[in-house]
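Okay, thanks everyone, I'll keep this short. Have a look at the screen while I talk you through what's there.

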Amino acid sequence: MGVSITNFSRSGLSDWLIQRFTAVVMALYTVFIVGYILSTPGLDYSQWKEFFECTGVRIFTLLALISVVAHAWIGMWIISTDYIKPAVLRFAFQATCFLTMFVFLVWGIDIIWGL
Amino acid sequence: MTTGFGSFITWGLLSALAYHFVAGIKHLVMDLGIGEELKSAQIAASLVVIISGVLIVLAGVWVWA
């Protein structure tokens, strides 16, 4: 199929597994962060900053961020190959998605680690 | 979160997250082979709407209360 050249993993089975793995990571991270905010009444900036200075939190956050990017890419790729028939439009959509994910990833790493 | 419009955007984002979270859990449960029959799949789909509806209301309470 001509569409598969834009897929990074080159395999639907691999996409399937990545989609599940990243979903579980993000579900756990969501529960973690919502739980932290709910269990910290009157949360202020200094507490929030201290929370994100913990290496474990940063690693989990980075894992969740990479998961968002991978999950969104696979999801958008599947939707675009299903519903956008003209090749040029589909490619433009996928390129836009890729650039967005790339910016989120780099910007996110900058925010988390302050490199 | 100080302006009304900002709260609305926050609530919108939380709502999208809540719905996708619940629908995603349903997908993972179905991957385990649970709820694959027509009847149980319809019940699961209804549960997703109901549970995410509750979470979206709670998110609104969280944002505005």
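Quick definition before anything else: when I say helix here, I'm talking about a DSSP run of H or I with at least four residues, and the numbering starts from the N terminus. With that, chain A reads α-α-α-α from the N terminus on. That's four helices and zero strands. And please keep in mind that this is a predicted model.

So, the overall dimensions of chain A. The C-alpha trace spans about 55 × 25 × 20 Å along its principal axes. For 115 residues, a compact globule would come out with a radius of gyration near 13 Å, but chain A has 17 Å. Burial in chain A is 10% of its 115 residues. As for contacts, take the ones between residues at least 6 apart in sequence: in chain A, 68% of those join residues at least 24 apart.

Now let's go through the helix pairs in chain A. Start with α1, residues 12-38, and α3, residues 55-83. They pack with their axes 8 Å apart, at an angle of about 135°. So how should we label that pair, α1(A) and α3(A)? An angle over 145 degrees would count as roughly antiparallel, and at about 135° this pair is therefore oblique. The crossing of α1(A) and α3(A) is left-handed.

Who's touching whom there? On the α1(A) side you've got, among others, I18(A), T22(A), V25(A), M26(A), Y29(A) and F32(A). Facing them from α3(A) are residues including F60(A), L63(A), V68(A), H71(A) and I74(A). By class, that contact of α1(A) with α3(A) has 12 nonpolar, four polar and one charged residues.

One residue to click on in α1 of chain A is W16(A). Its C-alpha sits 8.8 Å from the C-alpha of I74(A), with the two positions 58 residues apart along the chain. Is W16(A) buried or partly exposed? There are 13 other C-beta atoms within 10 Å, so W16(A) is partly exposed.

Next pair: α3(A) with α4(A), where α4 covers residues 87-113. Those axes come within 10 Å and cross at roughly 175°. That's over the 145 degree cut-off, so α3(A) and α4(A) are roughly antiparallel to each other. From α3(A), the contact includes L62(A), L65(A), V69(A), W73(A), M76(A) and W77(A). From α4(A), you have F93(A), C97(A), M101(A), F104(A), L105(A) and W113(A), among others. The residues of that contact of α3(A) with α4(A) divide into 15 nonpolar, five polar and two charged.

While we're on α3 of chain A, look at I59(A), which is found in that helix. I59(A) has 11 other C-beta atoms within 10 Å, so it's exposed. It still has a sequence-distant partner: I112(A) is 53 residues away in sequence, and 8.9 Å away C-alpha to C-alpha.

Okay, over to chain B. The secondary structure is two helices and zero strands. The C-alpha trace of chain B spans about 45 × 15 × 15 Å along its principal axes. The radius of gyration is 15 Å, whereas a compact globule of 65 residues would be near 11 Å. Just 5% of the 65 residues of chain B count as buried.

The two helices are α1, residues 4-31, and α2, residues 38-64. Their axes come within 9 Å and cross at roughly 150°. That makes α1(B) roughly antiparallel to α2(B). The crossing in this case is right-handed. In the contact, α1(B) brings W11(B), L14(B), Y19(B), V22(B) and K26(B), among others, and α2(B) brings residues including V48(B), I51(B), L55(B), I56(B) and W64(B). By class, we're at 14 nonpolar, five polar and one charged.

G60(B) is in α2 of chain B. With 16 C-beta neighbours inside 10 Å, G60(B) counts as partly exposed. The C-alpha of S7(B), 53 residues apart from G60(B) along the chain, is 8.9 Å away.

Last thing, how do the two chains meet? Six residues of chain B are in contact with four residues of chain A. On the chain B side, those are four nonpolar, one polar and one charged.

That's it from me, happy to take questions.

Key:
Residues numbered from 1 in each chain as written. Chains lettered and ligands numbered in written order. Predicted model: local features only at pLDDT ≥ 70, side-chain atom pairs only at ≥ 80, totals over all residues. Axes fitted to C-alpha atoms, helices over the stretch in contact; angles between N-to-C directions. Parallel < 35°, antiparallel > 145°, perpendicular 65-115°, else oblique. Left-handed = near helix turned anticlockwise from the far one by under 90°. Contact = placed C-beta atoms within 7 Å. Nonpolar A, V, L, I, M, F, W, Y, C, P; charged D, E, K, R; others polar. Rg over C-alpha atoms; globule rule 2.2 N^0.38 Å. Buried ≥ 20, exposed ≤ 12 C-beta atoms within 10 Å, placed from the backbone.
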